[in-house]
Amino acid sequence: MTDIIRTRLLTKSFQSTEVVSQVNMTVKRGEIYGFLGPNGAGKSTLMKMLLGLVQPTSGEIELFGERIQPGSIEFLKRIGHLIETPVFYDKLTAEQNLELHGEYMGYYDKQAVRESLQLVQLLGVENKPVHQFSLGMKQRLAIARAISTKPELLLLDEPINGLDPEGIQDMRSLFRRLRDEWGMTILISSHLLSEIELVADTVGVIHSGRLVREVSLETVRQSTTDYVEIMTSNIKQAAFVLEEKLGARRFRQINSNTLRVYGTDLSEEALSKGLIMNDVPILSLNRRHHSLEEYFFDIVKGGGGHVASDQAGA
Ligand SMILES: Nc1ncnc2c1ncn2[C@@H]1O[C@H](COP(=O)(O)OP(=O)(O)OP(=O)(O)O)[C@@H](O)[C@H]1O
């Protein structure tokens with residue numbers, strides 16, 4: 001598979017503070033890449049560098065297999081984007097806004113405009129002036145504008161902001177359709193894992209300007225295994241019994257009274273029976289799943305960072 005985006009040691013400093021540090025990012029053709037990181041991690045700055053809106057301090061950017069030189073703009077025609085709050089001509093209709101954008105981009109196709117409006121479910125209100133649109137409708141219109149020139153690459157900075165739960169679901173299926181039916185490559189940034197995990201093929205985690213992990217979600221799913229968590233007032237005895245009597249080879253002490261046992265074939269019943277019979281007092285014993293959230297949290301924990309989890313599950 002060809003790489004659509006490759007950065008090499010990409011770095012940006014503002015007033016001698018590095019906000020993007022030596023990033024080597026690879027986005028493959030036809031994938032949805034989730035760019036995950038807390039507020040201020042450097043996501044927008046990196047995306048702006050890809051678009052030539054911010055000049056890198058050092059490092060290289062390759063788009064569509066070609067190295068981007070300062071001042072080159074030809075590649076912009078192949079990219080649709082939604083970065084920062086979208087701005088429209090408020091007195092013009094939704095359709096007119098998209099048509100103007102097409103003319104500006106040198107891609108005028110009325111059919112593509114209508115198709116884009118339909119994909120974001122704004123067909124029906126296309127003749128309304130944009131000042132009558134709600135925040136969520138403007139967000140949809142911004143996405144329609146970004147795809148109306150049928151770009152090969154779509155850059156979306158926190159695209160789900162301002163949408164209600166139904167709107168979020170619609171956008172997820174839209175992103176999948178754009179990938180599967182239009183062959184688009186999509187880079188979506190978010191500070192919420194829950195927004196990314198349902199659509200992304202690959203996740204890049206950025207923390208304090210550094211890309212700390214780039215991994216396919218399939219690989220993560222395979223490595224996030226079940227475990228049994230045991231709370232006991234005699235952890236030493238529990239560890240001894242697990243290893244010597246019950247044959248558990250992989251376990252980890254979490255704190256002074258909690259152990260996690262990984263990759264065991266023993267059922268909860270068999271474990272608790274074996275421990276009790278060997279004089280281990282059990283406070284609780286439960287099978288748990290090592291979630292994606294824990295996996296990503298563990299990655300950034302070392303740097304003291306935090307990838308937010310969306311408790312509401314939007
Ligand atoms: N033009 C600028 N001048 C100075 N500092 C800047 C500038 N643009 C961004 N920064 C700083 O760079 C850091 C990274 O900001 P950036 O907007 O890229 O982060 P982000 O991951 O997109 O976060 P958010 O989701 O909050 O936008 C922040 O500390 C920000 O204050």
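**Exercise 1.** Which residues does F35 touch, not counting residues up to four places away in sequence? State also where F35 is found and whether F35 counts as buried or exposed.

*Solution.* The model is predicted.
- Step 1: locate the residue. F35 is found in strand β4, which covers residues 32-36.
- Step 2: list its contacts. Leaving out residues up to four places away in sequence, F35 touches K43, L187, I188, S189, G204 and I206.
- Step 3: judge burial. The cut-off for a buried residue is 20 or more other C-beta atoms within 10 Å. F35 has 30 C-beta neighbours inside 10 Å, so F35 counts as buried.
- Step 4: set the residue against V130. F35 and V130 are 95 residues apart in sequence, and their C-alpha atoms are 30 Å apart in space.

**Exercise 2.** Describe the shell around the ligand by residue, by class and by the element that gives the most to it.

*Solution.*
- Step 1: name the residues. Around the ligand are F14, V19, G37, N39, G40, A41, G42, K43, S44, T45 and H191.
- Step 2: sort them by class. The shell has 3 nonpolar, 7 polar and 1 charged residues.
- Step 3: find the main contributor. Helix α1 (residues 43-50) gives the most to this shell, with 3 residues.
- Step 4: link back to Exercise 1. K43 is one of the residues around the ligand, and K43 is also among the contacts of F35.

**Exercise 3.** In what order do the 4 strands of the open sheet stand, and how do they pair? Add the helices that belong to the picture.

*Solution.*
- Step 1: give the order. The strands run β13-β14-β12-β15, and the pairing is antiparallel.
- Step 2: find the edges. β13 (250-255) and β15 (282-289) each have a single partner strand, so one side of each is left without a neighbour in the sheet.
- Step 3: give the twist. From one strand to the next, the twist averages 20 degrees.
- Step 4: examine one pair. Strand β12 (residues 226-232) is joined to antiparallel strand β14 (residues 258-262) by 5 bridges; V228 has V261 in β14 as its bridge partner.
- Step 5: place the helices. Helix α8 (residues 235-245) packs on the sheet and touches β12, β13 and β14, its direction making about 15 degrees with that of β14. Helix α9 (residues 268-277) lies across β12 and β15, at about 155 degrees to β15.

**Exercise 4.** Into which domains is the protein chain divided, and what distance separates their centres?

*Solution.*
- Step 1: read the bounds. Domain 1 covers 3-217 and domain 2 covers 225-290.
- Step 2: give the separation. Taken over C-alpha atoms, the centres of domain 1 and domain 2 are separated by 46 Å.

Notes. Residues are numbered from 1 along each chain as its sequence is written. This is a predicted model: local features need pLDDT of at least 70, side-chain atom pairs count only at pLDDT 80 or more; totals for chains, interfaces and linings use all residues. Helices (H or I, at least four residues) and strands (E, at least two) are DSSP runs, numbered from the N terminus. A residue is buried if 20 or more other C-beta atoms lie within 10 Å of its own, exposed if 12 or fewer, and partly exposed in between; C-beta atoms are placed from the backbone. Two residues are in contact if their C-beta atoms, placed from the backbone, lie within 7 Å. A residue is near a molecule or strand if its C-beta atom, placed from the backbone, lies within 6 Å of it. Ala, Val, Leu, Ile, Met, Phe, Trp, Tyr, Cys and Pro count as nonpolar, Asp, Glu, Lys and Arg as charged, and the others, Gly among them, as polar. Two strands pair if DSSP finds at least two bridges between them. Axes are lines fitted to C-alpha atoms, for helices over the stretch in contact, and angles run from 0 to 180 degrees between N-to-C directions. Domain bounds come from an automatic or database domain assignment.
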